[in-house]
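Reader: Got a minute to walk through this one with me? I'd like to start with the strands and go from there.

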Amino acid sequence: MACRCCQCGSCCSNMGNVHTVIEERGNYIFVVRNAYSGDVKEVRIDPDKIALFEDESSIAELPDACPFLRFETPRDSPDPFHGNVAFDGKTGKAWCTVHLTRPEICRDYCCWRLLILDSQGKRAGRVMYRTTFLPDTDELRRLWERVQPTLNGLSGTEWDDAVIDILTAAGYRVRR
């Protein structure tokens with residue numbers, strides 16, 4: 001399954017229910033436990049993200065967030081070429097501050113195969129797995145309800161191509 005992280009933070013906003021820090025070893029090294037699998041993993045804050053990790057203000061309103069999720073601000077972006085506006089238009093891009101040593105579940109996770117953006121470049125929806133269509137806006141939801149029956153019988157790249165054609169004709173941009 002092909003996908004790229006758009007750094008929206010959606011996936012990690014509830015991962016605090018999965019990852020629990022069970023030990024702090026100092027020098028920005030932690031031991032985390034997966035509440036579901038019981039797996040234990042040592043993680044380390046990426047050197048270029050220490051300042052970002054130390055500022056917890058970006059996740060203050062996300063009590064269930066992964067303990068290593070942070071959102072950038074213009075002053076603390078680890079990569080100045082990434083800009084600071086996420087798809088919701090409200091916060092900076094999300095960063096995994098332990099990206100280099102992140103747990104296996106995080107390495108395997110993919111939140112979309114097709115990312116649907118509106119005309120302003122904001123996330124309007126996504127396609128997960130084979131054909132799971134998740135609209136983020138009422139406008140896209142209504143469009144999907146109208147066109148979804150026309151896709152019956154299609155699969156694989158045929159389905160993807162048809163969805164992309166429909167969405168681009170309606171003014172959306174689709175990223176694979």
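Author: Sure. Strand S1 (residues 19-26) and strand S2 (residues 29-34) run antiparallel, joined by six bridges. Strands pair here if DSSP finds at least two bridges between them, and the elements are DSSP runs numbered from the N terminus: helices are H or I with at least four residues, strands are E with at least two. This is a predicted model, so local features need pLDDT of at least 70 and side-chain atom pairs count only at pLDDT 80 or more, while totals for chains, interfaces and linings use all residues. Residues are numbered from 1 along each chain as its sequence is written, and side-chain values use heavy atoms, with hydrogens and water left out.

Reader: Which residue in S2 is the bridge partner of His19?

Author: That's Asn34.

Reader: And which residue takes a positive phi in the hairpin?

Author: Asn27, with phi near 55°; the hairpin of S1 and S2 has two residues between the strands.

Reader: OK, switching to charges. How many salt bridges does the structure hold?

Author: Nine. The cut-off is a side-chain nitrogen of Lys or Arg within 4 Å of a carboxyl oxygen of Asp or Glu. Glu23, Arg25, Glu42 and Arg44 form one network through salt bridges that share partners.

Reader: What does Asp161 form a salt bridge with?

Author: Arg176, and the closest N and O atoms are 2.8 Å apart. Asp161 sits in helix H4 (residues 156-169) and Arg176 in the segment after strand S9 (173-175), so the pair ties together parts that are 15 residues apart in sequence. Asp161 counts as partly exposed at 37% relative accessibility, and Arg176 counts as partly exposed at 46%. For those labels, buried is under 20% relative accessible area, exposed is over 50% and partly exposed is in between, with a 1.4 Å probe and protein chains only.

Reader: Where do Asp138 and Arg141 lie?

Author: Both are in helix H3 (residues 138-147), three residues apart, which is about one turn of the helix. Their side chains meet in a salt bridge at 2.9 Å, N to O.

Reader: Is Lys49 buried or exposed?

Author: Buried, at 7% relative accessibility. Lys49 forms a salt bridge with Asp48, with the closest N and O atoms 3.4 Å apart.

Reader: New topic: where does Phe68 lie?

Author: In the loop between helix H1 (50-54) and strand S4 (69-71). Phe68 is buried at 4% relative accessibility. Leaving aside neighbours within four places in sequence, its contacts (heavy atoms within 4.5 Å) include Val21, Phe30, Val43, Phe53 and Trp95. Phe68 and Val43 are 25 residues apart in sequence and 9.7 Å apart in space, C-alpha to C-alpha.

Reader: Last thing, how much space lies in the largest pocket?

Author: About 620 Å³. On a 1 Å grid over the protein atoms alone, a pocket is an open set of points where a 1.4 Å probe fits, with protein on both sides within 12 Å along at least five of seven lines, and lining residues have an atom within 4 Å of a point. Points are joined across faces, edges and corners, and the volume is the space filled by probe spheres set on them.

Reader: And which residues are closest to its centre?

Author: Of the 30 lining residues, those are Cys5, Cys11, Cys96, His99 and Cys106. Strand S5 (94-96) and helix H2 (104-108) are the elements that give two or more residues to the lining.
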